[in-house]
Amino acid sequence: MSEAKETPEINMGRIKEIIESYRHQRWPLIPLVQQIQEEFGFIPPRSIPVIAEALNLFPSEVQGVVSFYEQLYTEPRGRNIVRVCRGTACHVRGGKTVLKLVKQQLNLGENQTSDDLEYTLETVACLGVCALSPGMVINNQVYGHMNPKKVKQLLRREEGEE
Amino acid sequence: MQPVTITLNQREVSGRSGMTVLEIAREAGVYIPTICDDPCLEPVGACRLCLVENENTGALLASCVTAATPGMVINTHSSRVQEHRKNIVSLMLASHPDACLVCDKGNRCRLHQVAAEMGIGEPGLEKISRHAAVEELNPFIVRDTAKCILCGKCIRACREIVVEGALDYYYRGFAARPATFNDSPLEHSECTFCGLCLSLCPTGALMESENPYRGTTSEAVQSTCSFCGCGCSVSLEIKDRQVVRVLPAPGQLALCVRGSFGYEYIHSRDRLTRPLVKKNGTFEEVSWTEALAAAGEGLQRAGEKHGPGALAVFGSSRCTNEENYLLQRFARTVLGTGHVDNGSSLYNLAIRRSLGETTGFFTTSNFLETLENADLILVAGTDPTVTAPQVGYAIKRAVHNRKAKMILIEPRRTRLAFFAHQWLRPLPESDLLLLNSMGRAVIEEGLLNREYVSRQTEGFEDLSDFLREFPPEKMQEAVGIPAEEIRSAARLYAGSTRSVIVFGSGVTDTINGTGNIMALANLALLTGNVWGSGCGIYPIQKANNAQGACEMGSLPDALPGYQPVEQEETRKKFEDLWERKIPAERGLSAMEAFNSGREIPWKAVYMVGENPVACLPRPQLTEEALSSLDFLVVQDLFLTKTAQFADVVLPASSFAEKEGSFTSFEGKIGWLQRAIPPLEGSLPDWEIVLQLAKEMGDPLPYSSLSQVMKEIEEFVPLYESYYRPDDYFARELEKEWSYWEERHHRVFQSMDGFSRFSPPRPRTPYFQKDGEYPYYLILEAPLAYFGSGTRSGKSRRLRSFYPREVLKISADDAAELSLNSGERVKVVSPFARLETVVEISEALPAGTLSLPISFPGVLDLFRITRDDRRSPSLEPFYVKLERVNLDE
Ligand code: SF4
Ligand code: SF4
Ligand code: SF4
Ligand code: FES
Ligand code: FES
């Protein structure tokens, strides 16, 4: 959990409000961190000791729970989430190359976010669109039958749109 | 409880309901291999090695987490089970580095053991390597997560037993591993280096760092830790006559950093190995014969010239019960003086007086087991996580594992603040106002236990009248806590019939020391929470055998068992026993003699194991007093500051080199066993005393230590039948516990059963906060540095890890003075000034500073005052700061 990308404008006051509104619930941790993620886009590591103290948990415990769920993030995420499939069907039809190209194009590794917070790159075990393999998803929009040209076009278009 | 009967490997076996299959198998003597299971930890079923087959259903079950149900048919070694177990171990080995030959865990490694048991050599699987080792800078523990098998023992131990919560799993699946918050090195986490995870880790993933010996020892000797009053049972691992590792003994859940890693002083190069005699101002090494002759002659000469009243003897909390007993007998009969004392007598006296006069019981009124089972714990003026770690663990376990509630009265943000339900931060020197106003709230709101008060106590009316002056609303300003918070704390405490009080030097060593103790006792009496199940009052005793030294009569006013020396019939009893006259007047205490500023009334002193120059306030007074003596004998492990003033220095052996017993602060006896022979040239204190008496022509009639023990049993109340070392180390813990309970009952039966309330009137401090001295200075005891540091300072790793002695200052005050961490300042009191470095601390409220008590020169800042009950305290606590101008 590097704090490198943690933007200084995290409103800890608001985080404390959220904590306060959940702390008396029965199993508050998961809904609480989800709420924080909803509002901030991620769970700032700085908030973890505060959450822990309020819920009588240890910071290592809260971190353990947060890092256990793939859907919880402790780093800010990009405005565009790019997911490339690593599943078997996609793999045999060139998924690996697609991933390589996307990495090159975005200059990002897996699970990384660009410094300008434009993109986050993730990989997925199977997108569930094997018929369209190799596939990828950008911001919940599925793109199938990917090839190098399409990758270029797509990512350029995304940039253009912003 | 319903018995449960199951079929285990074709045999009918029974257990109690709620037992797991593993537990039943263990009781039946059936071996099931395990890795992640430990009887002290919640089972989690992580390693799956303990698989057994349920022959009714064919299911494979992890026996450590499977409750036995009636009629189960279990096979622990079916071929399916064996097959699976082998696979599991092979998979573990496949992701394990091939480092066994160079791994320190050696044949203590559990993975190694189970692999060997199953005959697995090469796993025959492709190697998958995992994480790199974690970079650690601390000198105690290294982590190599590549060797981690994810059994979770470290995580559970840290969370369930020492309740630091430093570790948890991080990430999931293959990437999962135990980690600290932010994945930082242990030294930046909550870890206190108690060493527990290290002792439980089945593999080489957690290893002792910088340990003197790598590998496995064949010899382990059970003994008692020599540092604090918790008196933990330790297992000393021996290799080539050296203590090379210290682990919690069976039945001891955990130790602390001092117990686990502080043993190095035993083998310090600075240990004294030859007696020294000062000739023309310099020490010369001499033989024992010569040294004993010189010591005996010096004491004798001073006695003959100035009378026995000019002689004094000091016992010590470092010495065993038997040694203290011998020392006070030596003083009273061989030397004929009543001036006997030990370094913990003052604290002990304050507690004895104030608790004795109120509850009628003069020490801790219950055991740690009871504390852990209380529903409400009030902690006042102490950080037991540092001064008495076992008390800290027990409190945290009660709060974390049992959901007990805790009220913390403490200006500093200590570790317990994290666990407290209510944290009260009174202004300096206002504790008594706070405690009295809590008492007032209890009475006013009708929260008292009327039946208890009327049946068991006296003096309620007087107290009730007295406390009318202290309503929370009137006190809130002086205390700095809103009245409603004071009231709610009073309600919380009084609302439970299982409430305990833990207190320490933060409330006792202040201007209202005795008053504070009485006010706490009053709270317990008002609510009937003095003793009995779940109740108690626990004064934290810091030094390891402080309790025993006092109980053995190393005190100026009391013979063994706190029997007053001024009472004729007590004296008679011991005079008949010892066949000698005993001085009838109470002697002078060390503090009275050394610190009054008046001329010291003694001419010769025999000082065993104490270092007053390093422990008493204003050391120059002590130094002057020691220089003015005609003759001084010092007996210690090291050439201490005090020993520098000696005419004869006698080298003593450490706890690992001798037998005897220590009494813990809860009154339990811990036995020492000789783990290694005395360091060449040194002797155990008790042997030296016996030899010295012989040398002086008045031998004490003991030919063995057990004769001393027999006498203690017979003549010291509370020590009846304490001597049981023969069966002690093979003891069954349950039997042990019933012994203590029985002793406890005897103690309370022996008291008259009546307690009395005492109205504690606040004193006006002589030095008050004023414009000139605006900061309140708190003295802190760091975890790794013990007492004056005579021993812990000689333990290399403890010393190297906590080398910085700084003045802590709150962020607010630092900002006001525009000071940054690392800058130099002078701390100025009316008596002295001290230059040091500041560090900004979030733990302190504005207006307070803190310094470690072991800091050289700290004690110069203070002087001793005594309150009207003759219990001394340190003053002043107010100081000012001056910036050190580097250009000067
Ligand atoms: S040494 Fe003690 S405090 Fe530190 S991680 Fe291990 S169990 Fe926890
Ligand atoms: S570090 Fe040791 S105790 Fe902790 S999970 Fe790994 S193997 Fe188990
Ligand atoms: S708690 Fe005290 S007795 Fe126990 S190991 Fe630590 S210093 Fe030793
Ligand atoms: S394998 Fe790629 S979508 Fe299923
Ligand atoms: S011992 Fe049962 S799962 Fe590890």
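How do the residues of the shell around ligand 2 divide into nonpolar, polar and charged? In this predicted model, local features need a pLDDT of at least 70 and side-chain atom pairs count only at pLDDT 80 or more, while totals for chains, interfaces and linings use all residues. Residues are numbered from 1 along each chain as its sequence is written, chains are lettered from A and ligands numbered from 1 in the order in which they are written, and side-chain values use heavy atoms, with hydrogens and water left out.

The shell around ligand 2 comprises 10 nonpolar, 2 polar and 1 charged residues. In this classification, Ala, Val, Leu, Ile, Met, Phe, Trp, Tyr, Cys and Pro are nonpolar, Asp, Glu, Lys and Arg are charged, and the others, Gly among them, are polar. Of the 13 residues that surround ligand 2, the closest are Cys148(B), Cys151(B), Gly152(B), Cys154(B) and Cys201(B); a residue belongs to such a shell if one of its heavy atoms lies within 4 Å of the molecule.

Ligand 1 can be introduced in the same way. Its surroundings include Cys158(B), Cys191(B), Cys194(B) and Cys197(B), together with Ile141(B), Glu164(B) and Phe193(B). By class, the shell around ligand 1 holds 7 nonpolar, 2 polar and 1 charged residues.

Around ligand 3, the neighbours include Cys225(B), Cys228(B), Cys230(B), Cys232(B) and Cys256(B), as well as Arg258(B), Pro389(B) and Gln390(B). Two or more residues of this shell come from each of the elements α6 (257–261) and α12 (389–402) of chain B. Helices (H or I, at least four residues) and strands (E, at least two) are DSSP runs, numbered from the N terminus. The shell around ligand 3 has 8 nonpolar, 3 polar and 1 charged residues.

Turning to chain A, there are 7 helices and 5 strands, arranged from the N terminus on as α-α-α-α-β-α-α-β-β-β-β-α. An automatic or database domain assignment divides chain A into domain 1 (12–68) and domain 2 (80–158). The centres of these two domains, taken over C-alpha atoms, are 31 Å apart. The C-alpha trace of chain A spans about 50 × 30 × 20 Å along its principal axes.

Finally, where the chains meet, 23 residues of chain B are in contact (heavy atoms within 4.5 Å) with 18 residues of chain A. Arg172(B), Phe181(B) and Phe418(B) supply 42% of the area that chain B buries against chain A, more than any other three residues. Buried area is the accessible area (1.4 Å probe) that two parts lose on being put together, summed over both.
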